[in-house]
Amino acid sequence: MEASLIRARSGLRAAATAAPATGIAAAIATPSPSTAAAARHAINRRSRPAAMPATAIARRFSALNRPAPKYPGHVPLTKVERAGMAIGSGIMSLFNPYRADLIATLGEATATPYFIYRLRDAMLAHPTGRRILRLRPRISSKTLSIPALRALPANTVGHAYAAWLDREGVSPDTRSAVRYIDDEECAYVMQRYRECHDFYHALTGLPTVREGEVALKAFEFANTLLPMTGLSMLAVATLKPAERRRFFGVYMPWAVKNGVRSKDIINVFWEEELERDVEDLRRQLGIEQPPDLREIRKREKEEKRRLKEMRAKGF
């Protein structure tokens, strides 16, 4: 009896193994076409690399694919473009230091990523600097009345500024707009420095001749640490031997001493100091006026002319 039952069970197992599956068993053993397709799709997804995010598959920043400007006139630059612009403008400005556009380009190309932020932070750390950043005043003949400044007393900041403009034949409208600094606030800081440059001339009395510009750039470098001001000092190599000796003997020591010890001149709200006594402002800032370079050069020219006349007369 037991042997018969065992043989019956073995026969059922063999039949189940040999017979095709039906019903639920058939559905499990033989997947439908749609189920098989879904499985293949899942396998293919696992075998493919993960999809890149939208920002990663975007085209890289290049000269042909610039991001949108962050302020009017802004031109984003690649690192290669910025380096090339710095080198090119630096070399060309050595041969022609009166090219204000080259000096401006050099200043913007070398101000980032650290130096212009340091100058911005110096303004943020000072109450007047913070107010300048908030109000963002501009300096031009439209915002300053030059005739009104000429009418101020001779000892005022405004009169000294107007008198310097007249003596040097300079206009406050010649400062070009900042274009190559990416941060919008830092772009204004550079613009402010650029437009205040003539006030630094008026405060120190240095003229726009090459020797005077090099001396003022040395002062600005000691005070602001902007690389362009330091690189501009290389123009000392283009000075005449007597001018070079005078720079290293007189104006370089003056520039280092006064630039380091004086307060940050970027924080002066010049528009509010126009009626102030200029000597009082110099004392507050800690700036000594250097020897009058234009007067020194005038005396030298007169002396050379006198010696030439004496030689012509046989003396």
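**Exercise 1.** Determine which residues make the nonpolar surface patch of about 350 Å², and classify Ile87 as buried or exposed.

*Solution.* Ile87, Ile91 and Phe95 make the patch. Patch members have over 30% relative accessible area and no salt bridge, and nonpolar side chains (Val, Leu, Ile, Met, Phe, Trp, Tyr) are joined within 5 Å, like charges within 9 Å. A salt bridge is a side-chain nitrogen of Lys or Arg within 4 Å of a carboxyl oxygen of Asp or Glu. Areas come from the Shrake-Rupley method with a 1.4 Å probe, and for residues only the protein chains shown count as cover.

The model is predicted: local features need pLDDT of at least 70, side-chain atom pairs count only at pLDDT 80 or more, and totals for chains, interfaces and linings use all residues. Residues are numbered from 1 along each chain as its sequence is written, and side-chain values use heavy atoms, without hydrogens and water.

Next, locate Ile87: helix α5, residues 79-95, contains this residue. Helices (H or I, at least four residues) are DSSP runs, numbered from the N terminus. Ile87 is exposed because its relative accessibility is 55%; exposed means over 50%, buried under 20%, partly exposed in between.

**Exercise 2.** Describe the surroundings of Glu211 in helix α12.

*Solution.* Helix α12 spans residues 210-224. With a relative accessible area of 2%, Glu211 is buried. Its contacts (heavy atoms within 4.5 Å), leaving out residues up to four places away in sequence, are Leu239, Glu243, Arg246, Leu293 and Arg297.

**Exercise 3.** Classify Cys186 as buried or exposed, and do likewise for Cys196.

*Solution.* Cys186 has a relative accessible area of 0%, so this residue is buried. Cys196, at 1%, is buried.

How values were computed: Helix = DSSP H or I, 4+ residues; strand = E, 2+ residues; numbered from the N terminus. Buried < 20%, exposed > 50% of the residue type's maximum accessible area, 1.4 Å probe, protein only.
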